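Reader: I am a first-year student, and I should be grateful for a close look at the aromatic side chains of this protein. Could you please explain where they lie and what surrounds them?

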Amino acid sequence: MPNQTLKTGKKEKVRTMFNDIAGNYDFLNHFLSAGIDIQWRKKVRKLLAKKNPKVILDVATGTGDLAIELCKLNPDKIIGVDIATGMLDIGRQKILKKKLDKKISLETGDSENLKFNDNTFDAVTVAFGVRNYENLQKGLKEMCRVMKVGGTVAILEFSKPKSFPFKQIYSSYFKYILPGFGRIISKHNEAYTYLPDSVQEFAEDKAFLMEMEKAGYKEVSQKRLTFGISTLYFGTK
């Protein structure tokens, strides 16, 4: 049964939830994915390397992991935005420790109401955040609006494996093991139940590519990663 509590006021509930688990978020991400999430972010960086973007916006940046990875592209500036200030506080500590504060700035921001001018960024990214948008189309359109013509969007998101037996193994892990570990470590009853529920409800593959086209992106495509656990979607403006 999908989690019904997040149907109403989803944005505020997501904000509160991620603020509550901010202190344990990075550890749980790497632990529960066996570190594979690091490799997925590298895939985003390698995709964007072909375009050599100089000004990048990372939406739903969280604690800044993708923004930090994208610094290897040697851009002039990366701006990360997120609605959860607790996550941003952790991210700023990491950025200062890595001495990347001249390249990366993290700001409080709503993906569905970005404060930037049209055609500002060479690339726009989001990792594991679009399924949390309260209004998916509005968020996708805002990302498209602030991206320059000819720019690249890269969206990394969880997806559901389709092939036997990995589909069955993954489903059991996602529904039973992950929420249990997440609940014990984060001390949050809802966060790691929300994760599998939100992935289950999320429109993926052709359905999501159609959402991208509807929002104004061109040349949309996708690449499934690690047996389909996650998918990298990309397109241009």
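Author: Phe-227 has a relative accessible area of 60% and therefore counts as exposed, since the cut-off for that class is over 50%. Please bear in mind throughout that this is a predicted model.

To place Phe-227 in context, one may begin with the aromatic pairs, of which a search of the whole structure finds nine. One of them joins Trp-40 and Phe-158, whose rings are 6.1 Å apart from centre to centre, with 85° between their planes, an edge-to-face arrangement. This pair connects distant parts of the chain, for Trp-40 belongs to helix α2 and Phe-158 to strand β5 (residues 147-158), 118 residues apart. Trp-40 is buried, with a relative accessible area of 3%. Phe-158 also counts as buried, at 15% relative accessibility. The pair of Phe-166 and Phe-227 has its ring centres 4.7 Å apart and its planes at 35°, so this pair is classed as tilted. It too links distant parts of the chain: Phe-166 is in helix α6, while Phe-227 is in the loop between β6 (218-225) and β7 (230-236), 61 residues away. Phe-166 has a relative accessible area of 24%, and is therefore partly exposed.

Trp-40 deserves further attention. Together with Phe-128 and Phe-158, Trp-40 forms one aromatic cluster. The helix that carries Trp-40, α2, has a buried set made up of Asp-37, Trp-40, Arg-41, Val-44, Arg-45, Leu-47 and Leu-48. These residues cover an arc of only 160° around the axis, which means that they lie on the same side of α2. As for the length of the helix, α2 has 14 residues (residues 36-49), which at 1.5 Å a residue should span 20 Å; the C-alpha atoms at its ends are 20 Å apart, in agreement.

Other aromatic side chains lie on the surface. Phe-27, Phe-31, Tyr-176, Ile-177 and Phe-181 make up a nonpolar surface patch whose accessible area together is about 550 Å². Helices α1 (10-32) and α6 (166-186) each contribute at least two residues to this patch, and α6 gives the most, with three. Phe-31 is in helix α1 and counts as partly exposed because its relative accessibility is 41%.

Lastly, one may turn to the charged side chains that follow β5, the strand of Phe-158. Side chains of opposite charge can pair when their charged atoms come close. Lys-162 and Asp-205 form such a salt bridge, with 3.2 Å between their closest N and O atoms. Lys-162 is in the loop between β5 and α6, and Asp-205 is in the loop between α7 (191-201) and α8 (206-214), so this salt bridge ties together parts 43 residues apart in sequence. Lys-162 is exposed, at a relative accessible area of 54%, whereas Asp-205 counts as buried, at 15% relative accessibility. Salt bridges with shared partners join Lys-160, Lys-162, Glu-204, Asp-205 and Arg-224 into one network. In the whole structure, a search finds 20 salt bridges.

Technical notes
Residues numbered from 1 in each chain as written. Predicted model: local features only at pLDDT ≥ 70, side-chain atom pairs only at ≥ 80, totals over all residues. Heavy atoms only, no water. Patch = residues over 30% accessible without salt bridge, like charges linked within 9 Å, V, L, I, M, F, W, Y side chains within 5 Å. Areas by Shrake-Rupley, 256 points an atom, 1.4 Å probe, with all protein chains shown as cover. Salt bridge = Lys/Arg side-chain N within 4 Å of Asp/Glu carboxyl O. Helix = DSSP H or I, 4+ residues; strand = E, 2+ residues; numbered from the N terminus. Buried < 20%, exposed > 50% of the residue type's maximum accessible area, 1.4 Å probe, protein only. Expected span 1.5 Å × (residues − 1). Arc of directions from axis to C-beta. Phe/Tyr/Trp six-rings, centres within 6.5 Å; stacked < 30°, edge-to-face > 60°.
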